[in-house]
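Subject: Structure for your review

Dear colleague,

Please find below the structure that I am handing over to you. My notes on what was found in it follow directly after.

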Amino acid sequence: MKTNIVLFAMFAVSSLTVNAQTAYEITDGVDSTLAKKKVHVAFRDKDADQLLGGISYVDMEELQAKDYTMSSLEDMYALVGGWNGNNLWGMDNDRLDNNDNSNLPVVIIDGVKRPSNNVLPSEIEQITFLKGAQAVVLYGAKGAKGAILITTKRGKVDGLQIKANANTGFHVAKEFPEYLGSAEYMKLYNEARVNDGLDPKYTQMDIYNHAAGINPYRYPNVNYYSDEYIRKAYNRSEGTLEIQGGGARAHFYTNINYYRLEDLLNFGLAKENYTDRFSVRGNVDLVINRLVKGYANASATFYNANKNKGDFWGEAATMRPNFPENAAPLIDIDMVDPNASKALAILGKSLNLLDGKYFPGGTKATMTNAIADCYFGGRTRDVSRQFQFDAGIDYDMNKFVKGLSFKTLFSIDYAAKYGLSYDNKYAVFIPTWSNYNSKDVIVGITQQNDEVVTGNMSMSNSAYRQTISWNGHFDYDRTFSGKHHVAGMLLANMYTTTASGEYHRYANANVGLQAGYDYMGRYFADLSLAGVHSARLPKGNRDALSPSFTLGWNIAKESFMEGSSVDDLLLSASYSNLNEDIDVYMGSKYFYLYDALWSTAGGSFKWNEVTSTDRTFSTMSKNPALDFIHRKEYSVSLRGSFFNKLLSTDFTFFNTDMSGFIIQNPTIFPSYLQGGLSGSSFKPAINNDIQNRKGLDFSVTTQKQLGKVHTTLGIVGTYLQTKYAKYDELVEYDYQKTEGRPLDAMWGYKCLGFYSVSDFNYNEGTGKYTLKSELPTPKIGGTIQPGDLKYEDVNNDNVLDNKDLVYLGKSGTYGAPVTLGANLTLKYRNFTLFALGNGQYGAKSVMNNYYYNNPEGRQEDKVYTGFGSYYFMSGEAKYSVNVRGRWTPETADVATHPRLTTLGSANNEAPSTFWLFSTNRFNIRKVQLTYDFPKEKFKGKVVNALSIYVNGNDLLTISKNRKLMETTVGYAPQTRFYNLGVKVTL
């Protein structure tokens with residue numbers, strides 16, 4: 001079946017020649033206004049030239065004619081201002097969304113809330129980004145942080161049309177982490193022990209033997225990133241077949257897709273790792289009679305990820321090159337002394353001899369290893385199945401009331417996933433080495449673990465999800481006297497998701513009212529209301545009304561603008577106050593936050609010194625006034641085109657207050673209500689904190705015919721500023737206030753460099769350093785010596801602790817302060833060159849693996865950056881090449897890393913300006929060259945159109961810290977992708 005499916009060719013369709021936010025399209029260099037182009041917005045379609053701000057869209061059928069993409073939202077950040085690839089206008093998203101969109105705003109596919117990863121670019125007609133509050137008000141409480149509308153293709157042609165597209169390409173790793181070899185690691189580990197006042201662990205002979213490489217089985221020097229284990233490139237291939245057709249009464253569309261993705265690992269069972277996906281999506285549109293139309297959509301997706309057991313990439317980042325010591329991951333059985341009969345007997349019984357020759361090595365402390373895992377550990381398969389169905393009816397009620405219609409939709413989606421695995425267990429063998437006549441041999445073997453090789457697959461991690469949706473709405477649309485256009489909607493909308501392991505359903509229910517008026521497309525007024533409901537709030541506060549008001553003025557249609565260079569100039573302003581319950585939570589609690597909570601998890605006490613009774617204590621008091629969080633927003637948009645469509649612009653300024661975030665231990669209550677028995681509290685949860693986001697979302701597009709080359713250049717971007725406008729806190733020092741700081745503020749210490757030898761008194765008798773009394777006392781953690789990081793005593797209390805934490809910068813969690821996207825299209829005859837890039841500026845990160853998200857500096861305040869111990873190394877960590885810049889007395893002036901230590905060093909690991917770096921970057925994300933064969937060559941032929949193209953993804957990162965940002969630690973590396981594709985229309 002796979003072989004047949006792979007033969008399906010794939011349709012990669014068309015290209016967006018201007019930025020998605022503009023109100024014009026250019027097709028083959030010919031201008032046309034988009035007044036006739038419908039844009040899908042909340043529960044209705046609108047003319048593109050009447051969008052009133054806060055909305056952007058992308059015509060995917062045009063875009064894919066020049067841009068082959070592999071996922072639904074790929075490349076959108078370079079086409080749509082206000083979208084940074086994760087959120088809209090810096091809004092954080094719903095953590096409890098059970099629809100696999102936990103990192104995205106609400107995604108609506110064909111009118112139904114669905115996961116974005118279950119629709120392919122080749123299936124999509126249009127993507128609409130609803131950024132402004134006025135654009136999402138009708139989606140109720142769960143849609144208050146923005147929405148992405150994905151509309152799939154439908155049958156449009158009469159007769160029969162078949163389109164096919166095939167792609168194949170290769171992923172190539174950008175960067176691999178670089179680690180020291182065994183000999184250098186052992187030498188520096190000895191140095192670390194000496195720094196700690198300990199004796200060296202490795203002898204010079206040990207180091208020599210590892211460096212010489214004469215016996216790699218006894219003196220291993222394992223490079224997990226060598227070509228012995230990793231391919232230079234791995235393949236991804238995809239095929240798509242699209243079939244559509246119909247006649248006067250019915251049309252249909254079908255998309256059949258299969259792709260297969262290989263893996264970078266190239267040995268053992270991992271060599272056969274692959275992920276594949278097969279999907280079918282189809283729809284039918286029926287004209288039942290002149291008043292009633294119906295439609296039905298269905299899709300099925302079958303996904304499998306086949307991989308070896310174990311965590312190769314995780315262990316590659318932590319397993320030292322000489323570890324396990326005295327035993328390589330795999331040892332040649334020929335190293336066993338022929339006279340060591342017991343050792344040979346033990347190995348002879350083993351079920352896991354690679355090629356009958358190599359057995360896994362280990363120690364008592366290391367009973368598995370990453371290499372043996374890939375050979376002997378077994379295999380797993382992650383299975384996912386998704387089925388989606390929806391149907392709707394459109395009823396023209398014009399005979400009752402002119403301009404009136406009714407539309408309704410019902411859907412049911414089901415998704416299931418589970419894991420299948422062969423859970424093999426293998427033993428590791430601990431060798432006992434000897435040396436005869438200058439030759440190393442194994443004279444004894446100790447087996448660790450039992451061996452199990454099963455032929456049966458086990459099932460685990462099963463989960464399911466079911467979503468049921470319904471909406472119905474009366475629509476009114478009528479123009480009076482050719483001038484007064486009136487539109488309205490009365491709506492009821494709901495969806496509910498039931499997920500395994502979740503007691504409460506994830507649900508949304510709301511009613512809505514929308515009323516709009518425009519006078520000759522010149523003056524606009526729009527009112528939208530949503531009645532929302534939330535079961536997370538107390539009775540009496542579960543229902544609320546969310547209003548939104550918008551006014552617009554198309555200045556270009558005024559008489560005083562006649563004859564000017566202004567083609568179109570629409571100014572709009574809106575104010576909204578949306579009620580949302582996405583943020584009604586505390587920690588992992590989402591329900592009953594308004595009620596008094598009690599716990600018995602605080603230990604016990606005894607009666608009569610015999611009977612034990614659990615303690616019962618209050619953790620939170622009741623608050624019957626707990627309320628929704630409010631999105632209070634005003635925005636102003638200006639969209640225009642000039643000089644006969646030569647230049648198109650779209651600017652939106654927004655200012656959003658997310659008001660009433662819930663806090664558990666408000667400082668307005670006396671402190672004696674908290675901190676008693678077992679940390680009890682009688683303080684209620686209340687609405688208090690306010691988050692502010694404001695910025696500018698922009699798009700500028702120019703297009704011009706330059707000789708025989710039609711050129712289109714689009715620039716999009718977002719300028720974003722965030723802050724806590726109100727934050728409940730009691731702080732001793734103003735510099736540690738969270739209020740007024742960015743929402744993604746990073747906190748750490750201000751580093752003054754390294755402690756020098758002159759900062760200490762040295763005791764020759766004990767060989768120990770004692771910090772001079774006039775210097776602040778470090779209390780961050782670890783023993784302080786010359787070569788450790790030295791911090792500023794900000795509060796001048798002569799102690800270094802969390803009271804000295806300062807603001808370091810913005811992490812970019814909600815988006816960098818400035819994000820940019822650029823797209824360029826050059827069309828010459830039948831050639832089309834498309835290039836796309838994106839950038840981010842103004843955010844920071846740290847190399848030490850974590851920073852604090854508030855100035856209290858607690859364990860729970862740590863936010864991890866994913867660098868592990870690659871840039872800062874201590875204890876038993878694997879040493880990367882960055883350790884070569886360590887501090888020593890000789891390198892004190894040029895050191896880039898603290899002194900080495902085999903002990904923990906919380907002082908050096910702490911976030912500080914020493915580890916801070918800029919994440920400013922610009923990425924050349926995509927370059928594609930397409931050739932469309934002349935259509936006249938296919939007149940009278942079976943083939944109607946043919947195109948071929950080559951493209952590259954993630955080609956170049958322009959940044960001072962490029963290597964740092966392109967190096968992935970503990971996971972599979974980032975890759976570049978080079979692809980060849982062909983598409984044909986029959």
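Asp954 counts as partly exposed, because its relative accessibility is 25% and the partly exposed class lies between 20% and 50%. Please keep in mind that this is a predicted model. The side chain of Asp954 meets that of Arg925 in a salt bridge, with N and O 2.8 Å apart. Arg925 belongs to strand E49 (residues 921-932) and Asp954 to strand E50 (residues 945-958), so this pair ties together parts that are 29 residues apart in sequence. Arg925, at 7% relative accessibility, counts as buried. Both residues also belong to a network of salt bridges, in which Asp67, Glu74, Asp75, Arg925, Lys926 and Asp954 are linked.

The count of salt bridges in the model comes to 43. Two further examples join parts of the chain that lie far apart in sequence.

In one of them, the side chains of Asp92 and Arg693 meet at 3.5 Å, N to O. This pair links distant parts of the chain: Asp92 is in the loop between helix H2 (60-63) and strand E6 (106-109), while Arg693 is in strand E33 (residues 686-706), 601 residues apart. Asp92 counts as buried at 18% relative accessibility. Arg693 is buried as well, with a relative accessible area of 0%.

In the other, Glu184 forms a salt bridge with Arg884, and the closest N and O atoms are 3.0 Å apart. Glu184 lies in helix H4, whereas Arg884 lies in the loop between strand E47 (862-864) and helix H9 (906-909), so the pair ties together parts that are 700 residues apart in sequence. Glu184 is partly exposed, with a relative accessible area of 27%, and Arg884 also counts as partly exposed, at 46% relative accessibility.

Which charged residue is buried yet has no salt bridge? The residue is Asp728, and the nearest side chain of opposite charge, Lys683, is 7.2 Å away. That distance explains the absence, because a salt bridge requires the two atoms to lie within 4 Å. Asp728 is located in the loop between strand E34 (709-726) and strand E35 (745-748). Its side chain does make a polar contact with the side chain of Thr667, at 2.8 Å. Leaving aside residues up to four places away in sequence, Asp728 touches Ile663, Asn665, Pro666, Thr667, Asn688 and Asp689.

Arg631 deserves a separate paragraph. This residue is found in strand E31 (residues 629-642) and counts as buried, at 0% relative accessibility. What does the side chain of Arg631 reach at 3.0 Å? There, the partner is the backbone oxygen of Lys131. The side chain of Arg631 also reaches the backbone oxygen of Ala144, at 2.6 Å.

Next, please look at helix H5 (residues 204-212), whose buried residues are Ile207, Asn209 and His210. Seen down the axis of H5, these residues fall within an arc of 160 degrees, so they line one face of the helix. The buried residues of H5 pack against helix H4 (182-195). On the other side of H5, Gln204, Met205 and Ala211 are exposed. The residue that follows H5 is Gly213, whose phi is positive, near 70 degrees.

Finally, the aromatic rings should be mentioned, as the count of aromatic pairs comes to 45. In one of these pairs, the rings of Phe43 and Tyr139 have their centres 4.9 Å apart and their planes at 35 degrees, so the pair is tilted. Phe43 lies in the loop between strand E3 (38-41) and strand E4 (44-47), and Tyr139 in the loop between helix H3 (133-136) and strand E9 (147-152), so this pair ties together parts that are 96 residues apart in sequence. Both Phe43 and Tyr139 are buried.

Phe914 and Trp915 form an aromatic pair that is edge-to-face, with 4.8 Å from centre to centre and 85 degrees between the planes. Phe914 counts as partly exposed at 22% relative accessibility, whereas Trp915 is buried, with a relative accessible area of 1%.

Yours sincerely,
A colleague

How values were computed: Residues numbered from 1 in each chain as written. Predicted model: local features only at pLDDT ≥ 70, side-chain atom pairs only at ≥ 80, totals over all residues. Heavy atoms only, no water. Helix = DSSP H or I, 4+ residues; strand = E, 2+ residues; numbered from the N terminus. Buried < 20%, exposed > 50% of the residue type's maximum accessible area, 1.4 Å probe, protein only. Lys, Arg positive; Asp, Glu negative; His and termini not counted. Polar contact = N/O pair within 3.5 Å; in protein donor to acceptor, adjacent residues only side chain to side chain. Contact = heavy atoms within 4.5 Å. Arc of directions from axis to C-beta. Phe/Tyr/Trp six-rings, centres within 6.5 Å; stacked < 30°, edge-to-face > 60°.
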